[in-house]
Amino acid sequence: MALQFASTANRTVLARRQRNRLDQAFVEADYRSRFRTWERVATVRNSPVRVLDGDGELFFSPELVPALAHPILRAARPQVRETLLVHRLYEYLKFTIDLEQSAVIPVTGHISRGMSGLDLPEPMRMDAFKIVTDEAWHAQFTYEILRDVRTRTGIAPALPDTPTFTAELARIHEELPSEIRGLDEMLFAIVSETLISSILDELPRDERLPEGVREMVADHAVDEAKHHSYFSTLLRHLWPAMTRRERELAGPYIPRLIFAFLEPDYESAALGLRASGLAGHEVEEVMTDVYTREKTVDDVRRGAAPTLQYFIEAGALEHGATLEAFQESGLIA
């Protein structure tokens, strides 16, 4: 589900405001690009297509699947547990594809073509082209691994047609006042690209997984380190360009954007449990016991720490409505 961008008129107004309100020395400040060696180190330029070989006893790290600690899963046959790991991998792969194609590529595409509404240094626009290329490659090799896993295991993915995060983004987009509609897409891209996923760090080091899966995730992590730096810089350009009213209107939605990215996809998790062999009442019990609101908020709060710091540094929490929204969400005390 691709979200609609703000109108050209809205972007033009934002660009004019930024030119009027930002010190030109800031706009023209030396941009410290992380992409100067992109041609040599980008995975799309250098890494081969990853394929599944015969190695690997598991398809996802069990420690990253909380449901496996539930008594019902601990008592289940090994095949049930192993199948659940396959479905968790499918969920991660599909999330990655949807995120890159529906959330990140559209935003960086607009930046690269000068249609973001921000008066960015030219090197930032050039790097946006490279991010578009990176993300398209991530989506492609992720899809190819997904196909390989299905062929090797014979297990069909059990996934919802619409991931929860895209449905939530659509709701937020419709709720926003028309005058700031479009800021949500850029803010979510910033959120999603500055959060550090434990999956990118842990899966490549888990030798129980097929080498093709580990190499694919490692390739993704190499590129995302540069994207993280880029989008944290983008926030420093975006927030000062917004008027006080725009900050007050958009800021309270930032916690929802963070939860959209980090909160578990409950429908996908339930489908995976059912497809792994659990009965309906067992699925309900596992979901109720594992995904408590308290634990979810705690996990999201820990995962959001890097992004939260960037928004604090940008001055986002200096606005009352935004601070209140972060407090009510549980992301800060």
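Q: In which hand, left or right, does α9 pass α17 in their crossing?

A: Two packed helices are described by the angle between their axes and the distance between those axes. In this predicted model, the axes of α9 and helix α17 (residues 305–314) come within 8 Å and cross at roughly 130 degrees, and the crossing in which α9 passes α17 is right-handed.

Q: Why are α9 and α17 called oblique to each other?

A: An angle over 145 degrees would count as roughly antiparallel and one of 65 to 115 degrees as roughly perpendicular, and because roughly 130 degrees falls in neither class, α9 and α17 are oblique to each other.

Q: Which helix gives the most to the lining of the second largest cavity?

A: A search of the whole structure finds two cavities of 30 Å³ or more, and the second largest holds about 30 Å³ of space. Helix α9 (residues 183–194) gives the most to its lining, with three residues. The lining residues of this second largest cavity are Leu176, Ile180, Leu183, Asp184, Leu187, Ala250, Tyr253 and Leu257; by class, seven are nonpolar, none is polar and one is charged.

Q: How far apart are the end C-alpha atoms of helix α7, and what span should its residues give?

A: An α-helix has 3.6 residues a turn, so residues three or four places apart point the same way. For the length of helix α7 (residues 122–153), the reckoning is 1.5 Å a residue, so its 32 residues should span 46 Å, and the end C-alpha atoms, 47 Å apart, agree with that. Just after α7, glycine 154 takes a positive phi of about 75 degrees.

Key
Residues numbered from 1 in each chain as written. Predicted model: local features only at pLDDT ≥ 70, side-chain atom pairs only at ≥ 80, totals over all residues. Heavy atoms only, no water. 1 Å grid on protein atoms, 1.4 Å probe; cavity = no way out; pocket = protein on both sides within 12 Å on 5 of 7 lines; lining within 4 Å. Points joined across faces, edges and corners; volume = space filled by probe spheres on them. Helix = DSSP H or I, 4+ residues; strand = E, 2+ residues; numbered from the N terminus. Nonpolar A, V, L, I, M, F, W, Y, C, P; charged D, E, K, R; others polar. Expected span 1.5 Å × (residues − 1). Axes fitted to C-alpha atoms, helices over the stretch in contact; angles between N-to-C directions. Parallel < 35°, antiparallel > 145°, perpendicular 65-115°, else oblique. Left-handed = near helix turned anticlockwise from the far one by under 90°.
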